[in-house]
Amino acid sequence: MSEVTNTIFSPELAARFDKLVTIYPLRRSALVPMLLYAQDEIGYVSEAVITEIAQRIEITELDVRNVLSYYSMLRTKPAGKYNVQVCTNISCMLRGGYDILDHCKQRFGIGHKQVTPDGQFSLEEVECIGACCWAPAVQVNYDFHDDLTPQKLDTILDMYAAGLNPTGGKDVR
Ligand code: FES
């Protein structure tokens, strides 16, 4: 078994990873959860994250990269403090998803997968986020916002910009 002696993760996350690789019949089954936890802690999946996770799971870095390229929720560049994901899949598209996306582009002055100069917001156009019944929908970090109009979204984004969480939930980042 590979020993990781010089971890880049916090002691809490390193301990979680130590356990995670033991609970699945195959170590590599822990790969996606580990990448998500690492992304939450580091902000993105860096080269150092890829190296350590490959070592922990005992797979090649290429195996990690292949999985990384498949999952759009995993990113290899830093996102903004608030990552705004706008769905433009069919239900949202029919109910103004592209208006929401264009509004975000104008408000932030950035495009798909870009970050505002102050690092506060990043923007992504994404496929269905599972909120089709309440389209159009947007996800900000782990919070969902639905049945949106550009005006409603502005109110929500104003709250994030002011350091408030519009859902009343705990900000995980
Ligand atoms: S199509 Fe937008 S949430 Fe499903």
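The structure, a predicted model, holds 10 salt bridges. One of them joins Arg 65 to Glu 47, with the closest N and O atoms 2.9 Å apart. This pair links distant parts of the chain, since Arg 65 belongs to helix α4 and Glu 47 to helix α3, at a separation of 18 residues. Both partners fall in the intermediate class of accessibility: Arg 65 counts as partly exposed because its relative accessibility is 30%, and Glu 47 is partly exposed with a relative accessible area of 49%.

A further salt bridge is formed between the side chains of Arg 107 and Asp 158, at 2.8 Å from N to O. Arg 107 lies in helix α6 and Asp 158 in helix α7 (residues 150-161), so this pair ties together parts of the chain that are 51 residues apart in sequence. Arg 107 has a relative accessibility of 31% and therefore counts as partly exposed. Asp 158, at 43% relative accessibility, is likewise assigned to the partly exposed class.

The side chains of Lys 113 and Glu 124 also meet in a salt bridge, with an N to O distance of 3.2 Å. Lys 113 is located in the loop between α6 and β2 (114-115), whereas Glu 124 is located in strand β3 (residues 121-126), so the pair ties together parts that are 11 residues apart in sequence. Glu 124 is classed as buried because its relative accessible area is 8%, a value under the 20% limit. In addition, salt bridges that share partners join Asp 18, Glu 52 and Arg 56 into one network.

Two members of this network, Glu 52 and Arg 56, are found among the buried residues of helix α3 (residues 47-57). The buried set of this helix also includes Val 49, Ile 50, Ile 53, Ala 54 and Ile 57. The packing partners of these buried residues are helices α1 (11-20), α2 (31-42) and α4 (61-70). Helix α3 is followed by Glu 58, which has a positive phi near 65°.

Strand β5 (residues 143-145) contains His 145. With a relative accessible area of 7%, His 145 is buried. Its side chain makes a polar contact of 2.8 Å with the side chain of Tyr 160. When residues up to four places away in sequence are not counted, His 145 touches Pro 136, Ala 137, Val 138, Val 140, Ile 156, Tyr 160, Pro 166 and Thr 167.

At the surface, a nonpolar patch of about 410 Å² is made by Ile 90, Met 93, Leu 94 and Tyr 98. Helix α5 (residues 90-94) gives the most to this patch, contributing 3 residues. Tyr 98, another member of the patch, lies in helix α6 (residues 97-108). The relative accessibility of Tyr 98 is 37%, and this residue therefore counts as partly exposed.

Cysteine residues were also examined. Cys 87 counts as buried because its relative accessibility is 3%. Cys 92 is buried as well, with a relative accessible area of 3%. A search of the whole structure finds 0 disulfides.

Conventions. Residues numbered from 1 in each chain as written. Predicted model: local features only at pLDDT ≥ 70, side-chain atom pairs only at ≥ 80, totals over all residues. Heavy atoms only, no water. Patch = residues over 30% accessible without salt bridge, like charges linked within 9 Å, V, L, I, M, F, W, Y side chains within 5 Å. Areas by Shrake-Rupley, 256 points an atom, 1.4 Å probe, with all protein chains shown as cover. Salt bridge = Lys/Arg side-chain N within 4 Å of Asp/Glu carboxyl O. Helix = DSSP H or I, 4+ residues; strand = E, 2+ residues; numbered from the N terminus. Buried < 20%, exposed > 50% of the residue type's maximum accessible area, 1.4 Å probe, protein only. Disulfide = S-S within 2.5 Å. Polar contact = N/O pair within 3.5 Å; in protein donor to acceptor, adjacent residues only side chain to side chain. Contact = heavy atoms within 4.5 Å.
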